[in-house]
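Me: Please look closely at one part of the structure shown here, and describe how that part sits within the whole. I would like one connected account, with the cut-offs given for the terms you use.

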Amino acid sequence: MKTCEIPTPQQLENRGMLWVIGAFVFCPCHLPITLSVLGLLLGGTAAGALLRAHPYIAGMVVTALWAAGTWRGFQLVRAAKRAI
């Protein structure tokens, strides 16, 4: 896709679905798994120590990422439906 090219409704819908699927990784119901994986990946670093010291703040950040990703995905799918 070129810089000034307007995406087709199909492309918008595909992007929206990718956003929703990507946000599924940060779903709050997966929070224990997400925090465990982040702790494993960041173990031994300053970010890992911060994550361990503030799990509630980390949970709020992960939940906010999920909400923002889901909202963006639904917006793109709605834009695709309006463009048809």
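Reply: Helices are DSSP runs of H or I with at least four residues, strands are runs of E with at least two, and both are numbered from the N terminus. By that rule the protein has 4 helices and 0 strands, and along the sequence it follows the pattern α-α-α-α. The model is a predicted one, in which local features need pLDDT of at least 70 and side-chain atom pairs count only at pLDDT 80 or more, while totals for chains, interfaces and linings use all residues. Residues are numbered from 1 along each chain as its sequence is written, and side-chain values use heavy atoms, with hydrogens and water left out.

The part I have chosen is helix α4 (55-83), but its setting comes first. The C-alpha trace of the protein spans about 50 × 25 × 15 Å along its principal axes. Its radius of gyration is 17 Å, where a compact globule of 84 residues would have one near 12 Å; the radius is taken over C-alpha atoms, and the globule rule is 2.2 Å times the number of residues to the power 0.38. Buried residues make up 19% of the 84, where buried means under 20% relative accessible area, exposed over 50% and partly exposed in between, with a 1.4 Å probe and protein chains only.

Helix α4 itself has 29 residues, which at 1.5 Å a residue should span 42 Å, and its end C-alpha atoms are indeed 42 Å apart; the expected span is 1.5 Å times one less than the number of residues. Its buried residues are A58, G59, V62, G69, T70, G73, L76, V77 and A80, and these pack against α1, α2 (31-42) and α3 (46-53), contact being defined as heavy atoms within 4.5 Å.

T70 shows this packing at the level of one residue. It lies in α4 and counts as buried because its relative accessibility is 15%. Once neighbours within four places in sequence are set aside, T70 is in contact with V20 and A23. V61, which is also found in α4, is partly exposed at 48% relative accessible area. V61 and F26 are 35 residues apart in sequence, yet their C-alpha atoms are 9.6 Å apart in space.

The view from the partner helix is consistent with this. Helix α1 (residues 9-24) has 16 residues and reaches 23 Å between its end C-alpha atoms, close to the 22 Å expected. The buried residues of α1 are L12, G16 and A23. Seen down the axis of α1 they fall within an arc of 35 degrees, so they line one face of the helix, the arc being that of the directions from the helix axis to the C-beta atoms. What covers them includes α4, whereas L18, I21 and F24, on the other side of α1, are exposed.

Over the whole chain, residues 24 or more positions apart account for 71% of the contacts with a separation of 6 or more.

One last detail concerns the cysteines. A search of the whole structure finds 0 disulfides, a disulfide being a pair of cysteine sulfur atoms within 2.5 Å. C27 is in none, and its nearest cysteine sulfur, that of C29, is 3.1 Å away, which is too far for a bond. C27 is buried at 12% relative accessible area, while C29 is exposed at 58%.
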